[in-house]
Amino acid sequence: MKCKSCKMRMSDFFITFDYENNGITKKAMNVPAYKCPSCNKVIVPDLILGKLEAFAEWEKSNIIDYTKCEQMEAEIFTVVHNILGI
């Protein structure tokens, strides 16, 4: 992915940030993102943000670890795969 500001190629990066979910401030950790090595702009893809928000609805903690989100998604996929016999 290229930076829209300076056109440099962005690097894969993991970030931690605070955000609000249903009026509660939560901390998101290990979130995949892109970071520009030139201007330091950081972009989190919409797909990642969507998964993070959905997982935050299930997670009771105020600290949301994106790696747990991916593990949960893989477990659900395995169960559905087994049920459908694919």
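How many bridges join strand E1 to strand E2, and in which sense do the two strands run? Strand E1, which covers residues 11-21, is joined to strand E2, which covers residues 24-35, by 10 bridges, and the two run antiparallel. This report describes a predicted model, and it moves from the chain as a whole to the strands, then to the helix residues that touch them, and finally to the cysteines.

## The chain as a whole

The secondary structure of the chain comes to 2 helices and 4 strands, and from the N terminus on these elements follow the order β-β-β-α-β-α. The chain is more spread out than a compact globule, because its radius of gyration is 16 Å, well over the 12 Å that the globule rule gives for 86 residues. Taken along the principal axes, the C-alpha atoms fill a box of roughly 50 × 35 × 15 Å.

Of the 86 residues, 24% count as buried, and the chain exposes about 6200 Å², of which carbon and sulfur atoms supply 57%. Among the contacts in the chain with a separation of 6 or more, 44% are accounted for by residues 24 or more positions apart.

## The strands and their turns

Strand E2 takes part in each of the pairings described here. With E1, as noted above, E2 shares 10 bridges; within this pairing Ser-11 stands opposite Lys-35 in E2, and Asp-18 stands opposite Lys-27 in E2. The hairpin of E1 and E2 has 2 residues between the strands, and in this hairpin Asn-22 takes a positive phi near 55°.

E2 is also joined to strand E3 (residues 42-43), by 2 bridges, and these two strands run antiparallel. Here Tyr-34 has Ile-43 in E3 as its bridge partner. E2 and E3 likewise form a hairpin, with 6 residues between them, and Asn-40 in the turn has a positive phi of about 65°.

With strand E4 (residues 63-65), E2 pairs in the parallel sense, over 3 bridges, and in this pairing Met-29 stands opposite Asp-65 in E4.

The pairings of E2 are set side by side below.

| Partner of E2 | Sense | Bridges |
|---|---|---|
| E1 (residues 11-21) | antiparallel | 10 bridges |
| E3 (residues 42-43) | antiparallel | 2 bridges |
| E4 (residues 63-65) | parallel | 3 bridges |

## Helix H1 and the residues it touches

Which residues does Leu-52 touch, not counting residues up to four places away in sequence? Leu-52, which lies in helix H1 (residues 46-58), touches Phe-17, Tyr-19, Ala-28, Val-31, Ile-64 and Tyr-66 when those neighbours are not counted. Leu-52 counts as buried because its relative accessible area is 1%, which falls under the cut-off of 20%. Although Leu-52 and Cys-69 are 17 residues apart along the chain, their C-alpha atoms are separated by 7.1 Å.

Phe-55 also lies in helix H1, and at 8% relative accessibility Phe-55 counts as buried. Leaving aside neighbours within four places in sequence, Phe-55 is in contact with Ile-64, Asp-65, Lys-68, Cys-69 and Met-72. Phe-55 and Val-31 are 24 residues apart in sequence, and their C-alpha atoms are 12 Å apart in space.

Two of the residues that Leu-52 touches, Phe-17 and Tyr-19, can be considered together. The structure holds 1 aromatic pair, and it is formed by Phe-17 and Tyr-19, whose rings lie 5.9 Å apart centre to centre with 50° between the planes, so that the pair is tilted. Tyr-19 is itself buried, with a relative accessible area of 14%.

## The cysteines

Why does the sulfur of Cys-39 form no bond with the closest cysteine sulfur? The closest cysteine sulfur, in Cys-3, is 3.6 Å from that of Cys-39, which is too far for a bond, because a disulfide requires the two sulfur atoms to lie within 2.5 Å. The structure as a whole holds 0 disulfides.

Cys-39 counts as partly exposed, at 36% relative accessibility, whereas Cys-69 is buried, with a relative accessible area of 7%. Cys-69 has already appeared in the account of helix H1, as one of the residues in contact with Phe-55.

Conventions: Residues numbered from 1 in each chain as written. Predicted model: local features only at pLDDT ≥ 70, side-chain atom pairs only at ≥ 80, totals over all residues. Heavy atoms only, no water. Pairing = 2+ DSSP bridges. Phe/Tyr/Trp six-rings, centres within 6.5 Å; stacked < 30°, edge-to-face > 60°. Buried < 20%, exposed > 50% of the residue type's maximum accessible area, 1.4 Å probe, protein only. Contact = heavy atoms within 4.5 Å. Rg over C-alpha atoms; globule rule 2.2 N^0.38 Å. Areas by Shrake-Rupley, 256 points an atom, 1.4 Å probe, with all protein chains shown as cover.
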